2 protein chains.
Amino acid sequence: MKVLIIEDDPLHRSYLNEAIRAALPECDGVLEAENGNTGERMARDCKSAHIVMDLQMGQRNGIEAARTIWKERPETRILFWSNYSDEAYVRGVSRIVPVGAVYGYVLKSASDDRLKLALRSIFIESQCVIDREVRGMQQRSLGNVNGFTEAEYEILVDIALGLTDRAIAQRRNLSVRSVQNRLQQLYIKLGVYQPLGNQDDDGRFNLRARAVAVAFLRKLLNHSALERAETDLTAWLARQPHD
Amino acid sequence: MKVLIIEDDPLHRSYLNEAIRAALPECDGVLEAENGNTGERMARDCKSAHIVMDLQMGQRNGIEAARTIWKERPETRILFWSNYSDEAYVRGVSRIVPVGAVYGYVLKSASDDRLKLALRSIFIESQCVIDREVRGMQQRSLGNVNGFTEAEYEILVDIALGLTDRAIAQRRNLSVRSVQNRLQQLYIKLGVYQPLGNQDDDGRFNLRARAVAVAFLRKLLNHSALERAETDLTAWLARQPHD
DNA sequence: CGGGACCCTGCGGGATCCCGCAGAAAATAT
DNA sequence: ATATTTTCTGCGGGATCCCGCAGGGTCCCG
């Protein structure tokens, strides 16, 4: 059994290495990659079915890497070890995890023991381990009390990218009016909507831009989510016949 | 001589601690704080004039902390030790550094020796040390070849917050038309401007929203910059007589 | 002093956005 | 199968945005 570490911070990498050797004596080899690209390649080459990786790396995003790795071998077990529990990350992960896959999500702030326990649970006992904090957010997010539909999230990303209503309609196969309906939904859920009576702060905010701002502040969006969306968008634009 | 570490990652904290002891044998005490708030307090209490801190901490942003620390004692020497060289960070730092202050900015990816050298330069020899990569960005940014004016950056932040033209005009004491002029400048510099002939991708993008997206992708803006701007904004809103 | 470079400002118009209203279509419940 | 809810859609109008055009300041230079 081999374990692959994908993590760009050398300190964290060596810490992980040590933790893995301590927690998994049956492991006979720990490999290290310092970014998503080489991580993917090494996963492919050495057929390691056990991976620990950081989200948020400079070169190539952890989620991107995980997606392609899982696409090639869905039975791979991945433990995400991240600094943050941004909704953007959690959503990004749950979007790509294959059905029935074993994975984990623990925060770097977790204790030593917790990490080791997670390692054993996932790699030995085939059991998912999601950090309590992350799990809580997941519940809130998907259990639709104040959570965002896939449709709403999608349109949020679209306006964050700077698309017009018309472009979004085209992309999502909707009428312009429907796009605007969804936007209204979004504005309401983000608490940005302005009932007409409000004289105080009326007209101060451009709803569209404001929605993106609060989404960022709430960490519903973050840099890597935006980056991912941007590459998706350019791919779509390229496929598009020029009007 | 005492040194104060402000850094939320325990691994990095202990690494720093070790590096400081090794590089500065004349140092007779290393203190640690795990977020900006306690960092500020400790800086105030123990009158340490030598600080090493991370930007990007969960609790309270490094830049915020540095600002208040420098406001209280401008002669404090601060070494910023950060993962990234986002333009938003660099700009944020250079905005708050007092005239004549000694400070440094080195990336976490720098070698051991580089860090130790920086520590000695700043704390012993009173010399500023800016990482080459950061310095490069600073030049490009301020030497106005493709760099952004303070005015342009300001209006970028304003639209990122979701303000309307009118609100911006009010806030910055300008006419609406002037705001729009600056926006046009911004659009051009961000490479978002659409000359009218372009039939291909004409009308796909909402310039205002697109500008914000591009700024984020280029790391001209990031979460902490936005957060800072948001608190400034709410302060201004509170000061504002209701219409 | 006149010319030039720059920024601020008003005007006007076309494009876009925001959204209430109301009917059609689809999904869901009873 | 019918009722109810949800979603999609067109229409229309007011607000906002985007920006060309032109006039008015300020500052600098010859």
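# Two chains and two DNA strands

Analyst: Sorted by class, the surface near DNA strand D holds four nonpolar, seven polar and six charged residues. Near means that a heavy atom of the residue lies within 4 Å of the molecule or strand. Nonpolar covers Ala, Val, Leu, Ile, Met, Phe, Trp, Tyr, Cys and Pro; charged covers Asp, Glu, Lys and Arg; polar covers the others, Gly among them.

User: What kind of model is this, and how are its parts numbered?

Analyst: It is a predicted model, where local features need pLDDT of at least 70, side-chain atom pairs count only at pLDDT 80 or more, and totals for chains, interfaces and linings use all residues. Residues are numbered from 1 along each chain as its sequence is written, chains are lettered from A and ligands numbered from 1 in the order in which they are written, and side-chain values use heavy atoms, with hydrogens and water left out.

User: Which residues come closest to DNA strand D?

Analyst: Strand D is surrounded by 17 residues, and the closest are Ser175(A), Asn181(A), Arg182(A), Arg177(B) and Gln180(B). Of the strand D atoms within 4 Å of the protein, 60% belong to sugar or phosphate. The rest belong to bases.

User: What makes Ser178(A) and DNA strand D a polar contact?

Analyst: The distance does. A polar contact is a pair of N or O atoms within 3.5 Å; within protein, one must be able to donate a hydrogen and the other to accept it, and residues adjacent in sequence count only if both atoms are side-chain atoms. A polar side-chain atom of Ser178(A) is 2.7 Å from a phosphate oxygen of strand D, so the pair meets the limit. Ser175(A) uses a polar backbone atom, 2.7 Å from a phosphate oxygen of strand D. Arg166(B) reaches a phosphate oxygen of strand D with a polar side-chain atom at 3.0 Å.

User: Which elements each supply at least two residues of the surface near DNA strand D?

Analyst: They are helix 9 (176-189) of chain A, with helix 8, helix 9 (176-189) and helix 10 of chain B. Helices here are DSSP runs of H or I with at least four residues, strands are runs of E with at least two, and both are numbered from the N terminus.

User: Which residues come nearest to DNA strand C?

Analyst: Of the 18 residues around strand C, Arg177(A), Gln180(A), Ser175(B), Asn181(B) and Arg182(B) come nearest. Sugar and phosphate make up 62% of the strand C atoms within 4 Å of the protein. A polar backbone atom of Ser175(B) is 2.7 Å from a phosphate oxygen of strand C. A polar side-chain atom of Arg182(B) is 2.7 Å from a phosphate oxygen of strand C.

User: What does the side chain of Arg177(B) meet on DNA strand C?

Analyst: An N or O atom of that side chain is 3.2 Å from a base nitrogen of strand C. That is within the 3.5 Å limit, so it is a polar contact.

User: How many residues of chain B are in contact with chain A?

Analyst: The count is 38 residues of chain B, against 38 residues of chain A. Contact means heavy atoms within 4.5 Å. The two chains bury about 3400 Å² between them, 56% of it on carbon and sulfur atoms. Leu11(B), Arg204(B) and Leu217(B) supply 19% of the area that chain B buries against chain A, more than any other three residues. Buried area is the accessible area (1.4 Å probe) that two parts lose on being put together, summed over both.

User: Why are Arg210(A) and Glu230(B) called a salt bridge?

Analyst: A salt bridge needs a side-chain nitrogen of Lys or Arg within 4 Å of a carboxyl oxygen of Asp or Glu. Arg210(A) and Glu230(B) meet at 2.9 Å, N to O, so they qualify. The rule finds two salt bridges across the interface of chain B and chain A.

User: Which helix gives the most to the side of chain B that touches chain A?

Analyst: Helix 11 of chain B does, with seven residues. That side divides into 17 nonpolar, 11 polar and 10 charged residues.

User: Why is Ser85(B) called buried?

Analyst: Buried means under 20% relative accessible area, exposed over 50%, and partly exposed in between (1.4 Å probe, protein chains only). Ser85(B) has 18%, so it counts as buried. Ser85(B) lies in the loop between strand 4 (77-82) and helix 4 (87-96) of chain B. Its side chain makes a polar contact with the side chain of Glu133(B) at 3.1 Å.

User: What is notable about phi of Gln56(A)?

Analyst: Phi of Gln56(A) is near 60°, a positive value in a residue other than glycine. Most residues other than glycine have a negative phi. Gln56(A) is partly exposed, because its relative accessible area is 21%.
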